[in-house]
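Trainee: I have a new structure open and would like to go through it with you. Could we begin?
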Amino acid sequence: MPELPEVETVRRVLAIQLIGKTIQSSIIRYEKMIKRTSVVDFQSRIVGKKVDSISRKGKYLLFHLGIETLVVHLRMEGKFYLKHPEDVWEKHEHLELAFTDGTSLRYHDTRKFGTFELYAPGETFEGGLGEITYEPIDEAFDRQQFIQKVRKSHRPIKAILLDQSVIAGLGNIYVDETLFRAKVHPERRGNTISIKEIEKIATESRLVLEKAVELGGSTIRSYTSSLGVTGRFQNELFVHTHAGEPCPVCQTTILKTRVAGRGTYLCPTCQKRRK
DNA sequence: AACAGACCCTGAGGGC
DNA sequence: TGCCCTCAGGGTCTGT
């Protein structure tokens, strides 16, 4: 499940592979992936456009195609492969962009959750990120505003950290790791967490994401030969996916529970319910 | 306004 | 062996 580090890794590989290429045609085999515009509109607007650059906002990939911006979210299983139009279509491949140089980009998504959206100039992309994107690794990250948002919320801190309008880029894996490193129990309500602890959360989230980006993200499912998605950060995970094993800090058995509707890993000794 | 829950979708894994 | 059921999950939409 790609989170910020995985998406950033994919972005870097795609940038090397695709910048400068011009889209000659496209094939869309699963139309529900295309949001905002009709499929016909989508296809006619991207044809002939050149990939100028590829950027990222939280977990969203932004393909800058001249005056158009193609915004892609991989959700849990989305993957890109560089192929050729004549290649046989694999199961779960739903879309292809064919370029004028004879190569093509295939999109593979087992669960069909990924989305493709086209934005024209003047159409603002917010994409569930709220008015501003707060990535903890971004220089513009507003720590004070983050503290205020956490302090005024009565939700469990895990739910708050998964909310992309509060802090962008964290998903289930990195929230668990951040809270473990900050020694905060995932069920604690935002308004019960001290400013010092929230600062620790902000710091740890940044360190976790930076390290994960450096290692190319985490590979939890076995992605094979997909562009970019074979990271090494899974070796750095302290609690996520380690239920039943000893905590690396205190040897207490790591628990798996459910918080905010998500599978959640934690150390009950290091992460106290109360301060 | 804030928050909880359903929904989208398919494969994996457990139970029988 | 194989069928049925449940679960997983990010973001959006709907309901309270």
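Mentor: We shall discuss the domains, the DNA surface, the cysteines and one strand residue. Please keep in mind that this is a predicted model.

Trainee: Which domains is chain A divided into?
Mentor: Chain A has domain 1, covering 4-119, and domain 2, covering 143-266. Their centres, taken over C-alpha atoms, are separated by 29 Å.

Trainee: On to the DNA. Which residues are around DNA strand B?
Mentor: The list consists of Y30, K32, K91, H92, T110, R111, K112, F113, K152, S153, H154 and R155.

Trainee: And how many of the residues there are nonpolar, polar or charged?
Mentor: The surface near DNA strand B has six charged residues, four polar ones and two nonpolar ones.

Trainee: What share of the strand's atoms within 4 Å of the protein belongs to sugar or phosphate?
Mentor: Sugar or phosphate accounts for 72% of those atoms of DNA strand B, and bases supply the rest.

Trainee: How far is a phosphate oxygen from the side chain of K32, then?
Mentor: An N or O atom in the K32 side chain is 2.3 Å from a phosphate oxygen of DNA strand B. For K91, the corresponding side-chain distance to a phosphate oxygen of the strand is 3.2 Å.

Trainee: What about H154: which part of it lies 2.9 Å from a phosphate oxygen?
Mentor: In H154 it is a backbone N or O atom that lies 2.9 Å from a phosphate oxygen of DNA strand B.

Trainee: Changing topic: how many disulfides does a search of the whole structure find?
Mentor: The search finds zero disulfides. C267, for example, is in none, and its nearest cysteine sulfur, that of C250, is 3.6 Å away.

Trainee: Why is there no bond between C270 and C267?
Mentor: The sulfur of C270 has its closest cysteine sulfur in C267, at 3.7 Å, and this is too far for a bond, because a disulfide requires the two sulfur atoms to be within 2.5 Å.

Trainee: Are those two cysteines buried or exposed?
Mentor: C267 counts as buried because its relative accessibility is 0%. C270 also counts as buried, at 11% relative accessibility.

Trainee: One last residue. Where is T115 found?
Mentor: T115 belongs to strand β9, which spans residues 115-119.

Trainee: Why does T115 count as buried?
Mentor: T115 has 9% relative accessibility, so it counts as buried, the cut-off being under 20%.

Trainee: And which residues does T115 touch?
Mentor: Leaving aside residues up to four places away in sequence, T115 touches M33, K35, V71, V72, H73 and R75.

Conventions
Residues are numbered from 1 along each chain as its sequence is written. Chains are lettered from A and ligands numbered from 1 in the order in which they are written. This is a predicted model: local features need pLDDT of at least 70, side-chain atom pairs count only at pLDDT 80 or more; totals for chains, interfaces and linings use all residues. Side-chain values use heavy atoms; hydrogens and water are left out. Domain bounds come from an automatic or database domain assignment. A residue is near a molecule or strand if one of its heavy atoms lies within 4 Å of it. A polar contact is a pair of N or O atoms within 3.5 Å; within protein, one must be able to donate a hydrogen and the other to accept it, and residues adjacent in sequence count only if both atoms are side-chain atoms. Ala, Val, Leu, Ile, Met, Phe, Trp, Tyr, Cys and Pro count as nonpolar, Asp, Glu, Lys and Arg as charged, and the others, Gly among them, as polar. Buried means under 20% relative accessible area, exposed over 50%, partly exposed in between (1.4 Å probe, protein chains only). Helices (H or I, at least four residues) and strands (E, at least two) are DSSP runs, numbered from the N terminus. Contact means heavy atoms within 4.5 Å.
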